[in-house]
Amino acid sequence: MPSFDTVSEANVEEVKNAVAQANKEITTRFDFKGSDARVELKERDLSAYADSEFQLAQVRDVLTSKMVKRNVDIRFLDIGKIEKIGGDKVKQVIKVKDGIEADDAKKIVRVVKDSKMKVQASIQGDAVRITGAKRDDLQAAMAMLRKEIADLPLEFNNFRD
């Protein structure tokens, strides 16, 4: 029975490269001279540091532009609250999402069932497996999911014929 998995995973290597490029640009920019502006990466958490909230917004802009250039969808980024740390310095934690959350997985399953296509969807941990009798049905399901679920960066892998 043909099937594929619907997943939502950021390319970790590209995220690392984007952070390195962002830090390199921040150190060379004139408006950041003498400041403590930087972006740190620890596993799937990014921490952006700056001297003021305005500079923090600039750091975020640099980071997102580098992510876009490296083909990392910025919908993977979950931007947290701005925290004050000692003096005027500020910090912001940005989480890189990995996997499809339970609510989103249920939404995908509901969209597939409501479409009346000849495919079935089942939740497999942090992925959703779509199975069907024909390859054409699966390709139609992929196109329908891309159109219907616009708020999630979905990828389709593990295609079996």
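In this predicted model, helices H3 and H4 lie oblique to each other, because the angle of about 125° between them falls neither over 145 degrees, where a pair would count as roughly antiparallel, nor within the 65 to 115 degrees that count as roughly perpendicular. Helix H3 spans residues 102–114 and helix H4 spans residues 135–148, and their axes are 11 Å apart. The crossing of H3 and H4 is right-handed. On the H3 side the contact is formed by Ile108, Val111 and Val112, which meet Met144, Leu145 and Glu148 of H4. Sorted by class, this contact of H3 with H4 comprises 5 nonpolar residues and 1 charged residue, with no polar residues.

Both helices also pack on a sheet. The sheet is open and built from 4 strands in the order S6-S7-S1-S8, with antiparallel pairing. Its edge strands are S6 (119–124) and S8 (155–160), each of which pairs on one side only. On average, and with direction ignored, neighbouring strands of this sheet are turned by 25° against each other. Strand S1 (residues 3–7) runs antiparallel to S8 and is joined to S8 by 4 bridges; in this pairing, serine 3 stands opposite arginine 160 in S8.

The packing of each helix on the sheet is set out below.

| Helix | Strands touched | Angle between directions |
|---|---|---|
| H3 | S1, S6 and S7 (127–132) | about 170° with S6 |
| H4 | S1, S6, S7 and S8 | about 170° with S8 |

The strand S8, then, is an edge strand of the sheet and is touched by H4, while the edge strand S6 is touched by H3 and by H4.

Note on methods:
Residues are numbered from 1 along each chain as its sequence is written. This is a predicted model: local features need pLDDT of at least 70, side-chain atom pairs count only at pLDDT 80 or more; totals for chains, interfaces and linings use all residues. Side-chain values use heavy atoms; hydrogens and water are left out. Axes are lines fitted to C-alpha atoms, for helices over the stretch in contact, and angles run from 0 to 180 degrees between N-to-C directions. Helices (H or I, at least four residues) and strands (E, at least two) are DSSP runs, numbered from the N terminus. A crossing is left-handed if the near helix is turned anticlockwise from the far one by less than a right angle, and right-handed if clockwise. Contact means heavy atoms within 4.5 Å. Ala, Val, Leu, Ile, Met, Phe, Trp, Tyr, Cys and Pro count as nonpolar, Asp, Glu, Lys and Arg as charged, and the others, Gly among them, as polar. Two strands pair if DSSP finds at least two bridges between them.
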